[in-house]
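Let's take a walk through this model, starting with its open space and ending on its surface.

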Amino acid sequence: MAFSMSRQLAAEFVGTVMLVGVVIGSGIMGDALSSDDAVSLWGNTAATGAILVVLILIFGPVSGAHFNPAVTLAFRLRKEIATGAALAFVVAQIAGGCAGAIIANVMFDLPAVQLSDKVRTGPTQLLSEAVATFSLLAAIFGCVRFKPEAVPYAVGLVITAGYWWTSSTSFANPAVAIARTLSDTFAGIRPVDAPAFVIVQLLTAAIATPLLMWLFKAED
């Protein structure tokens with residue numbers, strides 16, 4: 001069943017609202033309930049992995065459930081989405097992410113918009129974002145090729161793992177990186193640090209996509 005572009009954009013917007021809302025909201029909740037950063041991160045991890053599975057299951061049939069400009073870029077490079085539609089998806093994702101950050105702040109009685117002071121910078125963090133973005137795309141396109149019904153679970157699990165095996169806690173998403181600058185909480189990132197994250201995520205998508213297309217291509 002084909003859905004109109006307006007419905008696809010709505011799905012991308014609402015899905016990214018919910019994704020960022022959960023990322024930031026669970027970080028705030030975890031930080032409020034525990035003085036132990038490891039416990040807070042566990043709560044943040046579990047909530048993020050769980051909501052990703054749900055969002056892909058419910059919105060995947062509508063828009064493909066990208067919620068991520070790096071994923072949309074990868075699908076554009078695979079020629080599975082037109083340029084105009086891809087640009088519209090990215091706008092919806094960024095707008096949705098920012099709205100999700102604002103909603104999360106308000107839910108926890110914080111200023112609707114606040115600039116984060118959380119430092120996330122340096123070569124190790126950027127390497128982590130390259131690794132996280134590559135891992136996410138490998139999970140998506142490996143499952144698309146061999147087991148499409150497993151995509152929601154693979155994405156949720158690869159991000160869950162990424163929270164713990166990358167020093168950046170696996171943003172792997174330019175829209176999420178931008179949105180998290182608007183919340184000075186556990187999940188935040190300084191506005192000055194976000195552009196480097198976004199650049200690395202998009203560059204990794206551009207490099208990883210042809211490699212993964214080759215890797216998962218059916219043998220002649």
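Here is a short tour of a pocket and a surface patch.

A word on the ground rules: this is a predicted model, so local features need pLDDT of at least 70 and side-chain atom pairs count only at pLDDT 80 or more, while totals for chains, interfaces and linings use all residues. Residues are numbered from 1 along each chain as its sequence is written, and side-chain values use heavy atoms, with hydrogens and water left out.

Start with the largest pocket, which holds about 520 Å³ of space. On a 1 Å grid over the protein atoms alone, a pocket is an open set of points where a 1.4 Å probe fits, with protein on both sides within 12 Å along at least five of seven lines; lining residues have an atom within 4 Å of a point. Here 34 residues form the lining, and Ile56, Gly64, Ala65, His66 and Ile140 lie nearest the centre. Two or more lining residues come from each of α1 (5-33), α2 (37-63), α3 (69-77), α5 (123-146) and α6 (151-165); helices are DSSP runs (H or I, at least four residues), numbered from the N terminus. The largest share, six residues, belongs to α2.

Now look at the surface, where Val54, Leu57, Ile58, Tyr153 and Leu157 make a nonpolar patch of about 470 Å². Patch members have over 30% relative accessible area and no salt bridge, and nonpolar side chains are joined within 5 Å. Again α2 gives the largest share, three residues. Leu157 sits in α6 and counts as exposed (over 50% relative accessible area), because its own value is 59%.

Definitions and conventions:
Grid points are joined across faces, edges and corners, and a volume is the space filled by probe spheres set on the points. Patches are made of residues with over 30% relative accessible area and no salt bridge: like charges are joined within 9 Å, nonpolar side chains (Val, Leu, Ile, Met, Phe, Trp, Tyr) within 5 Å. Accessible areas come from the Shrake-Rupley method with a 1.4 Å probe; for residues, only the protein chains shown count as cover. A salt bridge is a side-chain nitrogen of Lys or Arg within 4 Å of a carboxyl oxygen of Asp or Glu. Buried means under 20% relative accessible area, exposed over 50%, partly exposed in between (1.4 Å probe, protein chains only).
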